[in-house]
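Trainee: I have a new model open and would like some practice in reading it. Could we go through it together?

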Amino acid sequence: MATEFPTQARVVIVGGGVMGVGLAYHLGHEGRGAETVLIEKAELTSGSTWHAAGQITHSTSSFGLGKCVDYNIGLYSGALEAETGQPVTWHGCGSFRLAYTEDEMDWLRHTLSVGRALGFNISLVGPDEIAKHHPFYNLEGVLGALHTPDDGHVDPTNVTMAMAAGARQKGVRIIRHCRATNITQASNGEWLVETEQGTIRCEHVVNAGGTYARQMGEWSGLQLPMTSMTHHYFVTEPVPEFAALERELPVIRDDRKVSGYIRMEQKRGLIGIYEKNNPNSVWHDHCPWDYENWLFDADYDRVMPWLEESLNRMPIFAELGIQREVHGAISHPPDGNPLIGPAPGVRNYWCCCGTQIGIGWGPGLTRELARWMVHGAADISMREFDPRRFGSYASKAWQVTKAEEDYCLRHEIPFPHYNRLAGRPIKPSPLYETLKAKGAVHEEVYGFERPRWFARGGVAQQDHYSFRRSAVDDVVAAEVKAVRERVGVMDVTAFTKVEVSGPDAYALLDRLTANRMPQKDGAITLTHMLNKRGRIELETTILHMNKDRYYLVCAAFFEQRLLDHLAHSRTDEQVVVTPLSEAWAAVSLNGPKSRDVLGACTEADLSNAAFRWLSAQEITVAGHHVWALRMSYAGELGWELHMPAEACLDVYNALWAAGAPHGIVDYGSFTMNVMRMEKGFKGAGELTNEVTLAEADVLRFVRAEKAFLGRELTLNHDLPWVCAYLEIEPDGQIDGHGGEAVLHNGEVVGATSSVAYGPTVGTILAFAYVKPAAAEPGTDLEVVIHGQPRQARVLGQPAYDPDSLRPRADAREVATCP
């Protein structure tokens, strides 16, 4: 007998691929199964899921994704089938990622260090060991490989159907052949999911639409940036040499020669290719609704160079025909990372889409999304997946450009700080052209162009990629020295800048911040906003401009998160929130000569007595009204100057002219990062949604006597890990890049979050989350950098200026400060 169509649910998931079904399964495990409905317009897996190749590997340098894939492999290799009784068809054949160059070997060494921190079964091996496991692969030119023996591949349909069975067992209702036609929000905040069978009202709606997700977002006025890219894999005729094998061959990931992967498919060969030029994007406007189990005709011209090389690498395929061609569409966001989390600007609309590797990443990511929806925060850092990391600048044309760029980079070396240049500049600051002409190499941050470093001393004005030190490190060291000894200026326009005003502005901000709110006009507070689990949403500086006006400054990529947190936390307060990030610009002036430079450009009294540390004043510079905030992320005497964008070039030119006699320099974000590490300031790598303020060791910014969101869990919980500040033995070549394993007495006790060489103090500095017993100052540790352990020690104070004399100093004292 037909079951009555539901008209009400707590959660409605739209989309029945591996992502939507994975979320339903994990919501069931979080106790929300009976409150969840999933609808699918056709059959489950009929979108991109069914034609996926289904591989999954521990070979990832992303710490967060590493946690996901490890969970997924455990799920696929036994746990899911044991739970549901449904076949999964897991092939635990292991895999090798090959390296032909020293840069590729360095990448594998770094991945090995991250894998060690995550407890993976992973090793770096030579050609002889590869040949033992895979005697048919042509290893000419191969230097080594990363061996991950617990990897494998799975049948995409079987695993999705098994999770669907598990979801149903937990009470989730799955309705097939029910296309959603609209998603709108009612005046009471509920979501209305209109379908061909009726309308469902719900508290939470989830877009798991796969290649349809972008157009589904448009129903609700949302811009969800992703583009459908097509990808080929080919299945050969039966391979005679495979017939007698007792064990399945490992998957080969050959990024350089094949730009893809080669593995067994039963007794056939499977070749997957991500061509490095002429990528194919489709459905720029809308994916046709009637496309189910859709494949495109193979385009051999696109992939032929790599297909030919794959036959050279697997000579036993050379005389065989292609029995099956799979050329299907996959969603690619602009940076390649999925959209997992809240949609921007609305409440209780969740994204579970934009996933280019749904089988490899999906279950782990959907588990974290389920936790986020139910408990208020995920258990891993979701910053790289948060849909709010893009802004209104992400036009459709830009999305296509960036997705095509991402596709071509899919099998390239992910160098540290890789700078993706396509589609830029999109949001240049007022100083962009001026600084570019002076040698600035820019990076993109939430659409803004921010200088990284400045080409000097014969170093070319281009990115220099390596896992080792390069000429850029010498340039950065020179910038650091100039700021420490003289004065430097940086364009920090990319900062998020928001004004909060109105009669209830103080009350709203006070209950959202852990620190004491600034009380007097011109007072500044550094504080954190938390979620209901006591985890860190963001760090922000708050300036009390006057009676009912507050100015908030935080990292660029937190803009929409800040706006949403303010909007979703309001009740009936009379508050006006005004984004100023594009209307206003900012520069940072730092160094012992900064008072002399700024003093030459203004009549304001900049002495300690008149302009105290951690205060702000509205002053006039170059004829413009400017808010000057006396604070310094560099750990030096300094100011941040915030102003309307049209004033920025005049102010910059005035500072530069006044600074010329003092040897002023331009500097960029690489130098800023080094200086904050030398000063022991925690940054984005440390302050994430997976930790509390106690775990981050920043309780000095908490006022326990006040009420604030997340207070109880901030002050009362066990600490599984603590953020420690380390010095690490340098070797002059490789410094580390974050995610490396930390050892105590030979046991893995944590991982680094940020690493940088400090030229002022002559050692490598790092923050690391470690077990509390290993975080005590003076504790000797080891950090595994590029596969090799290095001696490390926990510091109890900043490596540079531990008493913070320099940012507080007056003109007479600064010369004698250490």
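Mentor: Gladly! Keep in mind that this is a predicted model. Strand β19 (residues 339–342) and strand β20 (residues 349–353) pair in the antiparallel sense over four bridges.

Trainee: Which residue in β20 is the bridge partner of Pro 342?

Mentor: Pro 342 lies in β19, which covers residues 339–342. Look across to β20, at residues 349–353. The bridge partner there is Trp 350.

Trainee: In the hairpin of β19 and β20, which residue takes a positive phi?

Mentor: Six residues sit between the two strands of this hairpin. Among them, look for a phi near 85°. The residue with that positive phi is Gly 345.

Trainee: Is Arg 367 buried or exposed?

Mentor: Start with its place, in helix α8 (residues 358–375). Leaving out residues up to four places away in sequence, Arg 367 touches His 26, Lys 67 and Tyr 71. Its relative accessibility is 19%, and the cut-off is under 20%, so Arg 367 counts as buried.

Trainee: Which residues touch the most other members of the largest nonpolar core?

Mentor: That core has 49 residues. One of the two to find, Leu 543, has contacts that include Ile 524, Tyr 551 and Trp 627, with residues up to four places away in sequence not counted. The pair you want is Trp 453 and Leu 543.

Trainee: Over which residues is the pLDDT below 50?

Mentor: The protein chain averages a pLDDT of 96, and 99% of the residues score at least 70. The stretch you ask about has ten contacts in the model beyond near neighbours in sequence. It covers residues 811–818.

Definitions and conventions
Residues are numbered from 1 along each chain as its sequence is written. This is a predicted model: local features need pLDDT of at least 70, side-chain atom pairs count only at pLDDT 80 or more; totals for chains, interfaces and linings use all residues. Side-chain values use heavy atoms; hydrogens and water are left out. A nonpolar core is a set of buried Ala, Val, Leu, Ile, Met, Phe, Trp, Tyr and Cys residues joined through side-chain atoms within 4.5 Å. Buried means under 20% relative accessible area, exposed over 50%, partly exposed in between (1.4 Å probe, protein chains only). Contact means heavy atoms within 4.5 Å. pLDDT is the predictor's confidence in each residue, from 0 to 100. Two strands pair if DSSP finds at least two bridges between them.
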